[in-house]
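Trainee: I've got this one open on my screen and I'd like to walk through it with you. Can we take it piece by piece?

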Amino acid sequence: MQKIRSSEITPQATYLSRRSFMKAFGTLVGGALVAAACAEGELETVATDPSGVPQTSGTTDELGEPLTSFQNVTNYNNYYEFSTNKEAVAPKAVDFVSSPWQVEVGGLVNKPGIYDLDALRRFDQEERIYRLRCVEGWSMVIPWLGFPLRRLLEEVEPTSAAKNVQFTALLDPEQMPGQNSGWLPWPYIEGLRLDEAMHDLTLLATGLYGQSLPPQNGSPVRLVVPWKYGFKSIKAIVRIDLVDYQPATLWMQSAPDEYGFFANVNPEVDHPRWSQASERRIGEGGRRETLMFNGYAEEVAGLYAGMDLEVNF
Ligand SMILES: Nc1nc2c(c(=O)[nH]1)N[C@H]1C(S)=C(S)[C@@H](COP(=O)(O)O)O[C@H]1N2
Ligand SMILES: [Mo]
């Protein structure tokens, strides 16, 4: 597993307002990840390397599979708050304002808290190269920057009554045009069982390719759960609640026969309308076989010992 410790990241401060950062985005694509105080007085993670090369410590994941290009990672997105057209998300989200931002962490915890971006960046950021497999049958290999969710959960101290974690994304129809259509129950909600949320693979991501998350990939903070279908990896998180019930996720509410709570990548359990046995890797021709738990079985299969994965899909 590739990792960059924040102490190894070039310490270089650049003062940029979010507006000028967004304007520069596209030319200033690569480079050193730094925490820079921006004009509004918020800490902002920005790319400062003028070479324009997206930065990552590796070129493949741990299976030797090449990274999906920065271009594809940032221009082929599922983000229904903006558009159902994967290529239209990036242009529609370009002016999305995600600073200042707060994530409220509460529910069944001893130490609830409100985390702004500075507070989230106090957790050491690591690079993790993970495969993301969409339920629709395509996949990517993405170099994320973030930290294990477990570290945040340990800080708020879940009580013994906490069984699941519920995540809530931003509700803001003015910024998110897709929320004006009534066919999905906004806001986007996702959930994990507490042991899944505490697993070391489960990341709260604040960046990718060495820079802060672009809006279309879930700025400023999103979940990444690499052994589950991509829809579990909720973007633009504003609340994290420890709960004793199984959260009713957006997809379970809208199509319970198609999207279960677990949503583990499983080539043997078909979606009711299509097979899940293979996938198209974005940027490649042809199709590949889909791997059990998206190739992370060794790490996570134990979480589901004794469970019928056809029933608990
Ligand atoms: N808030 C929110 N999060 C979301 C979605 C969404 O529509 N809204 N789509 C999900 C789906 S279906 C996928 S496949 C991934 C895509 O992440 P990416 O665009 O960074 O590749 O985001 C997930 N997170
Ligand atoms: Mo997806």
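Trainee: Where is the place of Phe293?

Mentor: Keep in mind that we're looking at a predicted model. Strand β14 covers 288-289 and helix α8 covers 297-300. Phe293 falls in the loop between β14 and α8.

Trainee: Is Phe293 buried or exposed?

Mentor: The cut-off for buried is under 20% relative accessible area. Phe293 comes in at 4%, so this residue counts as buried.

Trainee: And what is phi of Phe293 near?

Mentor: Phe293 is a residue other than glycine, and its phi is positive. The value is near 50°.

Trainee: Phi of Ala263 is positive too, so I'm curious: in which loop is Ala263 found?

Mentor: Phi of Ala263 is near 55°, again in a residue other than glycine. As for the place, helix α7 takes up 250-254 and strand β13 takes up 278-281. Ala263 is in the loop between α7 and β13.

Trainee: Is Ala263 buried or exposed?

Mentor: Use the cut-off again: buried is under 20%. Ala263 has 4% relative accessibility, so the verdict is buried.

Trainee: How many Å apart in space are Ala263 and Lys232?

Mentor: In sequence, 31 residues separate Ala263 and Lys232. Going C-alpha to C-alpha, the separation in space is 7.4 Å.

Trainee: Which side chain does Lys232 join in a polar contact?

Mentor: The partner belongs to strand β8, residues 189-193. That partner is buried, with a relative accessible area of 0%. The contact is 2.7 Å, and the side chain is that of Glu190.

Trainee: Let's go to the ligand. Which residues are the closest to ligand 1?

Mentor: Ligand 1 has 18 residues around it. Their shell divides into ten nonpolar, five polar and three charged. The closest are Tyr80, Glu81, Arg222, Ser233 and Lys235.

Trainee: Which residue has a side-chain N or O atom 2.7 Å from a nitrogen atom of ligand 1?

Mentor: Ligand 1 has other polar partners to set aside here. For Ser233, a polar backbone atom is 2.8 Å from a nitrogen atom of the ligand. For Asn217, a polar side-chain atom lies 2.9 Å from an oxygen atom of ligand 1. The 2.7 Å pair involves the side chain of Glu81.

Trainee: With those partners in mind, how much of the accessible area of ligand 1 does the protein cover?

Mentor: Ser233 puts a polar backbone atom 2.8 Å from a nitrogen atom of the ligand. On its own, ligand 1 has 540 Å² of accessible area, and the space it takes is the largest pocket. The protein covers 98% of that area.

Trainee: Now the backbone. Which residues does the cis peptide bond with Pro220 join?

Mentor: Pro220 is in the loop between β10 (211-212) and β11 (222-224). Omega of the bond is about 0°. The bond joins Ser219 and Pro220.

Trainee: Where is Pro100, which has a cis bond from Ser99?

Mentor: The bond from Ser99 to Pro100 has omega near 0°. Helix α3 spans 89-93 and strand β3 spans 102-107. Pro100 has its place in the loop between α3 and β3.

Trainee: Is Ile129 buried or exposed?

Mentor: Ile129 lies in strand β5. Its relative accessibility is 3%, so Ile129 counts as buried.

Trainee: What separates the C-alpha atoms of Ile129 and Thr56?

Mentor: Along the chain, Ile129 and Thr56 are 73 residues apart. Their C-alpha atoms are separated by 9.1 Å.

Trainee: Last one: is Glu136 buried, partly exposed or exposed?

Mentor: Glu136 lies in the loop between β5 (126-133) and β6 (138-148). Its C-alpha atom is 9.6 Å from that of Arg280, 144 residues apart along the chain. Buried means under 20% and exposed means over 50%. Glu136 has a relative accessible area of 31%, so this residue is partly exposed.

Methods
Residues numbered from 1 in each chain as written. Chains lettered and ligands numbered in written order. Predicted model: local features only at pLDDT ≥ 70, side-chain atom pairs only at ≥ 80, totals over all residues. Heavy atoms only, no water. Near = heavy atom within 4 Å. Polar contact = N/O pair within 3.5 Å; in protein donor to acceptor, adjacent residues only side chain to side chain. Areas by Shrake-Rupley, 256 points an atom, 1.4 Å probe, with all protein chains shown as cover. 1 Å grid on protein atoms, 1.4 Å probe; cavity = no way out; pocket = protein on both sides within 12 Å on 5 of 7 lines; lining within 4 Å. Sits in = over half its atoms within 2 Å of the grid points. Nonpolar A, V, L, I, M, F, W, Y, C, P; charged D, E, K, R; others polar. Helix = DSSP H or I, 4+ residues; strand = E, 2+ residues; numbered from the N terminus. Buried < 20%, exposed > 50% of the residue type's maximum accessible area, 1.4 Å probe, protein only.
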